[in-house]
Amino acid sequence: MDIAQNSISAGASLIEIEVAEDIGEDVLKIRVTDNGCGMTPEQVQHVIDPFYTTRTTRSVGLGVPLFKMEAEMTGGSFEISSEKGKGTSLCALFKPSSVDMIPLGDIGGTVQLLITCNPKLDFLFTRSYRGAGEDRRKFTLDTRELRQVLGEDVPLDAPDVVLWIRDYLAEQTEELLNTNHD
């Protein structure tokens, strides 16, 4: 949530969130990419410092440093790339078998909340899963496609749309993680 909020604060109109689990490889990848204002190389160097922030309302920024720390605590890694005027991409690789792995939580609920609270922005959410010895399965929710289907008169924060997004994400996640595929 904090990482996506940074993208929103950076003026992004499109935020891509990818969550990819690979049980056989013992990897959980979380990538957040945006088309916001981006950062200078100096800002990129400082962004992992919890005492550095571009905000004027508080003197620390914990989202990115915690994201990095959580990945590295599991034996994973963290990368960030950004270009001023073009956007930013953060990618954290976690080792789910690590005792230090923090549960992923309700990522579908988080994505639903992001869409609902920011109905004028576009989100591309991709969730994939590969069990040991299985083929990769995935699903995508693209708010640009939703807008085409709904038309201009139906906002993404309309109650019926919010419920549909919630149900779609829950159903797709359940199907994706169901290990009883034939």
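These legends go with four close-up views of a predicted model.

**View 1. Helix α3 and what its buried side touches.** Helix α3 runs over residues 63-73, and this view picks out its buried residues: Gly-63, Val-64, Pro-65, Phe-67 and Ala-71. Follow them outwards and you'll see them pack against α1 (2-9) as well as the strands β2 (27-34), β3 (77-83) and β4 (87-94). Just past the end of α3, look for Gly-75, which has a positive phi of about 95°.

**View 2. A nonpolar patch on the surface.** Leu-66, Met-69 and Met-73 together make this patch, which covers about 250 Å². Leu-66 belongs to helix α3. Is Leu-66 buried or exposed? Something in between: its relative accessibility is 35%, and buried means under 20% while exposed means over 50%, so Leu-66 counts as partly exposed.

**View 3. The hairpin of β3 and β4.** These two strands pair in the antiparallel sense, with 7 bridges between them. To get your bearings, find Glu-79, which sits opposite Cys-91 in β4. The hairpin has 3 residues between its strands, and Gly-85 takes a positive phi near 85° here.

**View 4. Helix α4 and its buried side.** In α4 (residues 107-117), the buried residues are Ile-107, Gly-108, Val-111, Gln-112, Leu-114 and Ile-115. They span an arc of only 160° around the axis, so they lie on the same side of α4. And what do they pack against? Quite a list: α1, β1 (14-22), β5 (122-130), β6 (137-142), α5 (143-150) and α6 (159-177).

Methods. Residues are numbered from 1 along each chain as its sequence is written. This is a predicted model: local features need pLDDT of at least 70, side-chain atom pairs count only at pLDDT 80 or more; totals for chains, interfaces and linings use all residues. Side-chain values use heavy atoms; hydrogens and water are left out. Buried means under 20% relative accessible area, exposed over 50%, partly exposed in between (1.4 Å probe, protein chains only). Helices (H or I, at least four residues) and strands (E, at least two) are DSSP runs, numbered from the N terminus. Contact means heavy atoms within 4.5 Å. Patches are made of residues with over 30% relative accessible area and no salt bridge: like charges are joined within 9 Å, nonpolar side chains (Val, Leu, Ile, Met, Phe, Trp, Tyr) within 5 Å. Accessible areas come from the Shrake-Rupley method with a 1.4 Å probe; for residues, only the protein chains shown count as cover. A salt bridge is a side-chain nitrogen of Lys or Arg within 4 Å of a carboxyl oxygen of Asp or Glu. Two strands pair if DSSP finds at least two bridges between them. The arc is that of the directions from the helix axis to the C-beta atoms.
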